[in-house]
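Hi everyone, thanks for making time. I've got a structure to walk you through, so let me put it up on the screen.

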Amino acid sequence: MITRQFGIPVTSPGAILRREKDLGTPLGLETAEMLQRGDLVQDNTIVKLIEDWLHLHGGYGFVFDGFPRTLPQAESLALILTGLKTSLDAAIWLDVSEETVRARISGRLQCRTCGFTTSVDSAQFANRPICPYCEGRLERRSDDDLGVLQTRLREYNTKTQPLAEFYGKMSILRKIDGNRDRDAVFADISRIIEDKVPA
Ligand SMILES: [Zn+2]
């Protein structure tokens, strides 16, 4: 949505890793197994992939979705950006309750081919799980088991939570209530990005 609205390239570690898996690279296959178990992929692996992506796509602004997730990732990113003579304009923090996370994960469908994500509650897709953009098959993601959720929440509390302080100190942290519907959240994110995009 952000790319469509602002013409800014967006990526996430998940998108990069899914692509590696589809290409059948050793890295892609190895990390797919880790994600299946609910483990986080090592920081240096993620950082290297993000760095490669930045060199290819990040020349005129970029948005990361779900990165950085740990303090070492954030510190590495700061060094990479210094090397590129740029810096982050904002770190958007989506505040989401555990209940919301649980509800969303158990009802999520994703296109195998292009990554489009929707909900099983969406009547449009209940009987015909086909992607509206590329006709790919919509499936529940295999790392979406609620069993995996506990591991994720633990990782989140110990590893991701400290980033609020890290970006707070840099005065770029912007918190948004993520327990609302997609449009309300997107409107808030858009406002923050509009503030930062040169007219
Ligand atoms: Zn698709």
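I'll go through some helices, a sheet, a core and a few single residues, and please keep in mind that this is a predicted model.

Okay, helices to begin with. Two packed helices are described by the angle between their axes and the distance between the axes. Let's try that on helix 2, which covers residues 13-23, and helix 3, which covers residues 26-37. Their axes come within 7 Å, and they cross at roughly 120°. As for the hand of that crossing, it's left-handed.

So who's touching whom there? On the helix 2 side we have Leu17, Glu20, Lys21 and Leu23, and they meet Leu27, Gly28, Leu29, Thr31 and Ala32 from helix 3. Sorted by class, that contact has five nonpolar residues, two polar ones and two charged ones.

Let me stay with one of those residues, Thr31, which lies in helix 3. Is Thr31 buried or exposed? Thr31 has 24 C-beta neighbours inside 10 Å, and the cut-off for buried is 20 or more, so Thr31 counts as buried. If we skip residues up to four places away in sequence, Thr31 touches Leu17, Glu20, Val41 and Thr45. Trp93 is another story: from C-alpha to C-alpha, Thr31 and Trp93 are 26 Å apart in space, with their positions 62 residues apart in sequence.

Next, the core. The largest nonpolar core has seven residues: Ile46, Val47, Leu49, Ile50, Leu54, Phe64 and Phe67. Which helix gives the most to this core? That's helix 4, residues 43-57, with five residues. Take Ile46 as an example: leaving out residues up to four places away in sequence, Ile46 touches Pro13, Val41, Phe67 and Gln73. You may remember Val41, which Thr31 touches too.

Phe67 brings us to the backbone. Most residues other than glycine have a negative phi, and most peptide bonds are trans. Now look at the bond joining Phe67 and Pro68: this one is cis, with omega at about -10°. You'll find Pro68 in the loop between strand 2 (63-64) and helix 5 (71-83).

What about phi? Lys85 isn't a glycine, and its phi is positive, near 55°. Lys85 is in the loop between helix 5 and strand 3 (91-95). Lys85 counts as exposed because it has 6 C-beta neighbours inside 10 Å. Ser171 isn't a glycine either, and its phi is positive at about 60°. Ser171 is in the loop between helix 9 (162-169) and strand 7 (173-177). With 7 other C-beta atoms within 10 Å, Ser171 is exposed.

On to the sheet. Strands of a sheet pair through backbone hydrogen bonds, either parallel or antiparallel. Ours is an open sheet of three strands in the order 5-4-6, and the pairing is antiparallel. Which strands are at the edges? Strand 5 and strand 6 are, since each pairs on one side only.

Strand 4 (residues 108-111) pairs with strand 5 (residues 117-119) over three bridges. Strand 4 also pairs with strand 6 (residues 138-139), and two bridges join those. A handy residue to follow is Gln110, which stands opposite Thr117 in strand 5. In strand 6, the bridge partner of Gln110 is Glu139. And the hairpin of strand 4 and strand 5? There are five residues between the strands, and Gly115 takes a positive phi near 90°.

One last stop: Ile192, in helix 10 (residues 182-196). With 14 C-beta neighbours inside 10 Å, Ile192 counts as partly exposed. What does Ile192 contact, aside from its neighbours within four places in sequence? Ala90, Ile92 and Arg174. Measuring nothing by hand, just taking the model's C-alpha atoms, Ile192 and Arg174 are 8.2 Å apart in space and 18 residues apart in sequence.

That's my tour. Thanks for listening!

Terms used
Residues are numbered from 1 along each chain as its sequence is written. This is a predicted model: local features need pLDDT of at least 70, side-chain atom pairs count only at pLDDT 80 or more; totals for chains, interfaces and linings use all residues. Axes are lines fitted to C-alpha atoms, for helices over the stretch in contact, and angles run from 0 to 180 degrees between N-to-C directions. Helices (H or I, at least four residues) and strands (E, at least two) are DSSP runs, numbered from the N terminus. A crossing is left-handed if the near helix is turned anticlockwise from the far one by less than a right angle, and right-handed if clockwise. Two residues are in contact if their C-beta atoms, placed from the backbone, lie within 7 Å. Ala, Val, Leu, Ile, Met, Phe, Trp, Tyr, Cys and Pro count as nonpolar, Asp, Glu, Lys and Arg as charged, and the others, Gly among them, as polar. Two strands pair if DSSP finds at least two bridges between them. A nonpolar core is a set of buried Ala, Val, Leu, Ile, Met, Phe, Trp, Tyr and Cys residues joined through C-beta atoms within 7 Å. A residue is buried if 20 or more other C-beta atoms lie within 10 Å of its own, exposed if 12 or fewer, and partly exposed in between; C-beta atoms are placed from the backbone.
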